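Me: I've got a model open and would like to talk it through. Could you take a look with me?

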Amino acid sequence: MENSSKRLSNKVAVITGGARGIGAATAKLFAENGAYVVVADILDEEGKQVAESIGGMYVHCDVSREEDVEMAVQVAMARKNKLDVMFNNAGIAIYEGSITDIDVDKVNHLVSVNVNGVLHGVKHAAKAMIKGGGGGSIICTSSSAGEMGGLGGHAYTLSKGAINGLVRSTACELGSYGIRVNSISPHGVPTEILVKAYRKFLGHEVDATEVGRIVAEKGSLLHGRWGTVEDVANAALFLASDRESGFVTGHNLVIDGGYTSATNACQFIYQ
Ligand SMILES: NC(=O)c1ccc[n+]([C@@H]2O[C@H](COP(=O)([O-])OP(=O)(O)OC[C@H]3O[C@@H](n4cnc5c(N)ncnc54)[C@H](O)[C@@H]3O)[C@@H](O)[C@H]2O)c1
């Protein structure tokens, strides 16, 4: 029998970018907390493994294609007849260099995943949630790069700023249906996307442990601490739970070890 004291008991969730990293950790945590999870990604092998390990379902979904995202939502509806939580988490980064040489085709590709992908997720989740009588939680993954300049390339920063705007805008419209829309902004979590970025910026090979150490030293106010996928998954769990975050909407929850609240002067004064 299902334990109704679990934080997401009887809830149905779709997680894009759920095959690895933050998405996979969140899929696991949501399932441990009682949710049925549809894992949506383009990495079929990894995605199937995650879904299988948590008793959920995998669906191939390129979030830049609206029909794929609609299908992922439809799979949840067909299986469980409802959608409670949509986690629009899939994202990519590019390292385009100077604005003076920016390749607009590459930017458009990034935007098609990071911005359109989230837009597709909000749209089809909202349709399903409204059809189901309202209520539900939509969570979108933004970034510390949406808060400050200089933390990602121009295209990545642009895309995460757009997500913050979309979250506020759709929270306004969907509040009347009892649907909450929030974003989370991770920072300094040594997953594939961040390790690749560090390789590019440093110009040499680094592994996740080394990236973690650099974040702990230079990218966090908390001594010896970098971000983990579990830190971010726990923030998503809070926003997914109506019991805990039922009066929270239009919010951007930053998970950054305090980094974006600090200035260089703050770090200089107290070191
Ligand atoms: N790791 C960090 O420090 C950090 C910081 C800020 C924001 N983020 C954001 O967190 C989210 C998750 O990233 P992560 O850190 O787990 O990195 P990751 O690279 O490990 O995971 C990204 C996931 O998105 C999937 N994906 C990529 N393109 C896709 C597409 N077109 N359709 C469907 N899935 C696609 C990948 O296959 C992968 O499973 C991203 O939106 C990223 O921008 C991460």
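Me: Which residue in β5 is the bridge partner of valine 85?
Reply: Sure; a caveat about the model comes first. This is a predicted model, where local features need pLDDT of at least 70, side-chain atom pairs count only at pLDDT 80 or more, and totals for chains, interfaces and linings use all residues. Residues are numbered from 1 along each chain as its sequence is written. Strand β4 (residues 85–88) pairs with β5 (residues 136–141) in the parallel sense over four bridges (strands are DSSP E runs of at least two residues, numbered from the N terminus; pairing takes at least two DSSP bridges), and valine 85 has as its partner there serine 137.

Me: And which residue stands opposite valine 85 on the β1 side?
Reply: β1 (residues 12–16) runs parallel to β4, joined by three bridges. Opposite valine 85 stands alanine 13.

Me: Are the β4 residues buried or exposed?
Reply: Val85 and Phe87 point one way, Met86 and Asn88 the other. Buried takes 20 or more other C-beta atoms within 10 Å of a residue's own, exposed 12 or fewer, with partly exposed in between and C-beta atoms placed from the backbone. By that count, all of them are buried.

Me: What radius of gyration does the protein have?
Reply: The rule for a globule, over C-alpha atoms, is 2.2 Å times the number of residues to the power 0.38. With 271 residues, a compact globule would come out near 18 Å, and the protein agrees, at 18 Å.

Me: What share of the protein's residues counts as buried?
Reply: The C-alpha atoms fill a box of roughly 50 × 40 × 40 Å along the principal axes. Of the 271 residues, the buried share is 46%.
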